[in-house]
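User: Please walk me through this model, one question at a time. I'd like the reasoning as well as the result.

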Amino acid sequence: MFFFTPRYLKAARELRAAAQKLFHYHCDLWSREQSDEARHALQALETALKIKKAEPLALAQEKVETLFSSLVPARRHHVLAENVESIVIAIVLAVGFQAYLLKPFRIPTGSMQPTLYGMTGHPEATLPPSPLARAFDFVRLGRSYISVQAKQEEEILSLEEKTFLNFFTFTKVTTSLGSYSLFTPRDVLIRDFKVRPGRILSPGEIIAQGYVQAGDQIFVDRMSYAFCNPKAADVFVFITSGIAGIEMRLDPALGSQYYVKRLAGLAGQTLRIDPPRLFIDGSIPHQAGFLKVISAIHGYRGYSNGTASGDSSPYLGSPEETFTVPSESFFALGDNSYNSSDSRYWGVVPEHNVIGRAFFVYWPFSSRWGLIH
């Protein structure tokens, strides 16, 4: 029985199995003489195993160990090589996962509020909380705090947005007497904290104080649209490449951008907006995504013919105006209609520009965490 097999026999059998594997892995790299020598050593070990005598087995084992050690030298730095190989495989899998399944995406603006939030600044008169509370707020809510005061009487001259380690965004605020670095995007400082060139600062005056709320981080489902067509009311992501009305307003150095909107019109459908209602082919749509915007409650304001300041849009700029979506195109609208740059201003989204369906808010862990509707 196996339990009563002598230890030297077990060791010899294990050596035989290991040596046979090495032989099969490396024999095509050896010379004919080396292969024959290894084969004879294995045959001698096999014969000794059949005899089951300790002394012949010891001699055969020693010969196999010595020979295979010379034919297959120990690999140096094998741990490092294996770790590098694992990292490369992980990177390849991650790239493939993003390319074909789920792509992470950060909501950049407030055009889809309150369905999805972009980065926003919130001025506060009180000082930031303790470091521990700040760390907790960042992990849970995506909230980061800033508090910067002027040292002397000085004037803000410029704001320059920069990145640190190609990840962290900060703005260098240059004044007449020096500069300050605030880990906040430039547009958030200008829009929400009123930090802009020409502002005169008094000694001790607060330049910016409060917190910055990170934009929603979402997963984009890139797989579904490979099997079924986009549907009206889907929240979808597309690239701006080739959309002239958008590209002409972007910095060419930045290249094309990714936008997220609600799919309001399919090819062949005729749209009209009579605030706060949207009409598709003459009727108010039944999908929940449209109805919550039309309701104008819970933070929604309904659909509009233009901006909050009253400027009408080039398309659907009045309650009487209609627009029929051309073939192989989609009409995109933001849920925050009064503050959304969408198809009302720059036209339709070509079908081939669509990246996928906005699927899931994975961070921060706010009330919006979960599936996107």
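Analyst: Gladly, starting with vocabulary: helices (H or I, at least four residues) and strands (E, at least two) are DSSP runs, numbered from the N terminus. The model is predicted, so local features need pLDDT of at least 70 and side-chain atom pairs count only at pLDDT 80 or more, while totals for chains, interfaces and linings use all residues. Residues are numbered from 1 along each chain as its sequence is written, and side-chain values use heavy atoms, with hydrogens and water left out.

User: Where is T184 found?

Analyst: T184 has a relative accessible area of 0%, so T184 is buried (under 20% is buried, over 50% exposed, in between partly exposed, with a 1.4 Å probe and protein chains only). Beyond four places in sequence, T184 touches I146, T169, F170, T171, L189 and V212, where contact means heavy atoms within 4.5 Å. The place of T184 is the loop between strand 6 (179–182) and helix 6 (186–193).

User: How many degrees of arc around the axis do the buried residues of helix 6 cover?

Analyst: The buried residues of helix 6 are V188, L189, D192 and F193. They lie on the same side of helix 6, because the arc they cover is only 100 degrees; that arc is taken from the directions from the helix axis to the C-beta atoms. To repeat the value, the arc is 100 degrees.

User: Which strands do the buried residues of helix 6 pack against, and which residue follows helix 6?

Analyst: The packing partners are strand 2 (120–123), strand 3 (143–149), strand 4 (154–164), strand 5 (168–175), strand 6 and strand 8 (206–213). Past the end of helix 6 comes a residue with a positive phi, near 55 degrees, and that residue is K194.

User: Are helix 1 and helix 2 roughly parallel or antiparallel to each other?

Analyst: Two packed helices are described by the angle and the distance between their axes. The axes of helix 1 (residues 7–26) and helix 2 (residues 32–51) come within 11 Å and cross at roughly 155 degrees, where axes are lines fitted to C-alpha atoms over the stretch in contact and angles run from 0 to 180 degrees between N-to-C directions. Angles under 35 degrees count as roughly parallel, over 145 as roughly antiparallel, 65 to 115 as roughly perpendicular and the rest as oblique. Helix 1 and helix 2 are therefore roughly antiparallel.

User: How do the residues of the contact of helix 1 with helix 2 divide into nonpolar, polar and charged?

Analyst: Helix 1 contributes L9, A12, R13, L15, R16, A19, Q20 and F23, which meet S35, A38, R39, L42, L45, E46 and L49 of helix 2. Ala, Val, Leu, Ile, Met, Phe, Trp, Tyr, Cys and Pro count as nonpolar, Asp, Glu, Lys and Arg as charged, and the others, Gly among them, as polar. On that basis the contact divides into nine nonpolar, two polar and four charged.

User: At what angle do the axes of helix 1 and helix 3 cross?

Analyst: Helix 1 and helix 3 (residues 54–71) have axes that come within 11 Å. Their contact is made by Y8, L9, A11, A12, L15, A19, L22 and F23 of helix 1 and A54, L57, Q61, V64, E65 and F68 of helix 3, a set with twelve nonpolar, one polar and one charged residue. This pair is roughly parallel, with axes crossing at roughly 30 degrees.

User: How far apart in space, C-alpha to C-alpha, are V260 and G242?

Analyst: V260 lies in strand 11 (residues 258–265) and is buried, with a relative accessible area of 5%. Its contacts beyond four places in sequence are F105, I107, S111, M112, L116, V235, F236, V237 and A358. G242 is 18 residues from V260 in sequence, and their C-alpha atoms are apart by 16 Å.

User: What separates the C-alpha atoms of G265 and K162?

Analyst: G265 also lies in strand 11 and counts as buried at 0% relative accessibility. Outside its neighbours up to four places away, G265 touches L271, V325, S329, F330 and F331. K162 is 103 residues from G265 along the chain, and their C-alpha separation is 38 Å.

User: Which residue does a cis peptide bond join to W363?

Analyst: Omega of this bond is about 0 degrees. The partner is found in the loop between strand 17 (354–363) and strand 18 (370–371), and is P364.

User: Is H298 buried or exposed?

Analyst: H298 lies in the loop between helix 8 (288–295) and strand 14 (322–324), and its phi is positive, near 55 degrees. With a relative accessible area of 70%, H298 is exposed.
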